[in-house]
Amino acid sequence: CKPTGVGGRGRAYAARTRMVAAASRVLQLTLRQGGETAGLIDRRRLFQWLLALGELLGADTAVEGGLHGPALYLSTMHSPVIASKWSSYFDTTAHHGRPFKRVSDRAGCLAADSPRRLAELYYGPRSWQCLNLTLNPYMLQINHSELAVDFAGVGAGLARRYVDTFHRQPPLLAPSRAVTRRVRLAERRLNFSAYGAVHIRRADRKPERR
């Protein structure tokens, strides 16, 4: 996404984007929701939250498994078929490849294992270079709503801070080209109307749903 502002605001955004792209600091999502998995909508929310938080912290972002990590995060509830790469679902070329970079084993990484600890590291001095998010991010909704994930991905408090800082809306994960092509094909075949919504399941191949 490009900034809507011009002049000073646009230059400030560009400088901040370059800083994040070249950041030596890294924010890593190393928890798989306590071993649980979820659907694409939930994972998209989680990753968009991670992107926004990383930019506010001036940090690069990474997830377990990197580009090859869908099986670590996606549930087989809707389908036993899970793609081997996130690029099957999302445009992984955007945002300088974030957050689909592989988690690194840096020495001296700090761990945010609770909402309180993450808040301390977020609001406190930014002397750390590597932070592993080992907490359940959805627990932030209880006591630290400004940092929370919500239905839209980035909670209202974090979204306000992001807009105030960058003068644009928080980052979004766009669908992959393959997903876009399939949607357009379905539109032509099914003759969708101009309004409404269609729920497209992820490669749903369970026999009872064919």
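**Figure 1. Ser75 in the loop between helix H3 and strand S3.** In this predicted model, Ser75 sits in the loop that runs between helix H3 (70-73) and strand S3 (101-102). Ser75 has a relative accessible area of 14%, so the residue counts as buried, the cut-off being under 20%. The side chain of Ser75 reaches the backbone nitrogen of Met77 at a distance of 2.9 Å. Leu40 is 35 residues away from Ser75 in sequence, while the two C-alpha atoms are 8.5 Å apart in space.

**Figure 2. The whole protein, for orientation.** The protein has seven helices and seven strands. Followed along the sequence, these elements give the pattern α-β-α-β-α-β-β-α-β-α-β-β-α-α. The protein has 210 residues, and 40% of them count as buried. Its accessible surface is about 11900 Å², and carbon and sulfur atoms account for 52% of that area. If contacts between residues at least 6 apart in sequence are taken, 69% of them join residues at least 24 apart.

**Figure 3. Confidence along the chain.** The mean pLDDT of the protein is 81, and 77% of the residues score at least 70. Among the elements, strand S2 (residues 60-63) has the highest mean pLDDT, 95, and helix H1 (residues 8-21) has the lowest, 50. Over residues 1-6 the pLDDT stays under 50, and the model has six contacts beyond four places in sequence for this stretch. Where pLDDT is low, the predicted coordinates should not be read in detail.

**Figure 4. The largest nonpolar core.** This core holds 39 residues. Within the core, Trp49, Leu118, Leu133 and Leu158 touch the most other members. At least two core residues come from each of strand S1 (26-29), helix H2 (40-56), helix H4 (115-123), strand S5 (130-133) and helix H6 (156-166). Helix H2 gives the most, with eight residues.

**Figure 5. Helix H2, an enclosed helix.** Of the 17 residues of H2, 14 are buried, so the helix is largely enclosed by the rest of the structure. From its first C-alpha to its last, H2 reaches 24 Å, close to the 24 Å expected at 1.5 Å a residue. Gly58 follows H2 and has a positive phi, near 65 degrees.

**Figure 6. Helix H7, a helix with little cover.** Helix H7 covers residues 177-190, and at 1.5 Å a residue its 14 residues should span 20 Å. The C-alpha atoms at its ends are 20 Å apart, which agrees with that expectation. H7 is hardly covered, for the count of buried residues among its 14 residues is one. Asn191 follows H7, and its phi is positive, near 55 degrees.

**Figure 7. Arg177 in helix H7.** Arg177 lies in helix H7. Its relative accessibility is 71%, so Arg177 counts as exposed, the cut-off being over 50%. Arg177 and Asp91 are separated by 86 residues in sequence, yet their C-alpha atoms are 7.1 Å apart in space.

**Figure 8. Asn132 in strand S5.** Asn132 is found in strand S5, one of the elements that supply at least two residues of the largest nonpolar core. With a relative accessible area of 17%, Asn132 is buried. The side chains of Asn132 and Gln28 are joined by a polar contact of 2.7 Å. Neighbours within four places in sequence left aside, Asn132 is in contact with Gln28, Thr30, Cys109, Leu110, Ala111 and Ala112.

**Figure 9. Val154 in strand S7.** Strand S7 consists of residues 153-154, and Val154 has its place there. Val154 has a relative accessible area of 11%, so this residue is buried, being under 20%. Beyond four places in sequence, Val154 is in contact with Gln48, Trp49, Ala52, Ala148, Ala159 and Pro170. Among these partners is Trp49, one of the residues that touch the most other members of the largest nonpolar core. Leu51 lies 103 residues from Val154 in sequence, and the two are 9.3 Å apart in space, C-alpha to C-alpha.

Note on methods:
Residues numbered from 1 in each chain as written. Predicted model: local features only at pLDDT ≥ 70, side-chain atom pairs only at ≥ 80, totals over all residues. Heavy atoms only, no water. Helix = DSSP H or I, 4+ residues; strand = E, 2+ residues; numbered from the N terminus. Buried < 20%, exposed > 50% of the residue type's maximum accessible area, 1.4 Å probe, protein only. Contact = heavy atoms within 4.5 Å. pLDDT = per-residue confidence, 0-100. Core = buried A, V, L, I, M, F, W, Y, C linked by side-chain atoms within 4.5 Å. Expected span 1.5 Å × (residues − 1). Polar contact = N/O pair within 3.5 Å; in protein donor to acceptor, adjacent residues only side chain to side chain. Areas by Shrake-Rupley, 256 points an atom, 1.4 Å probe, with all protein chains shown as cover.
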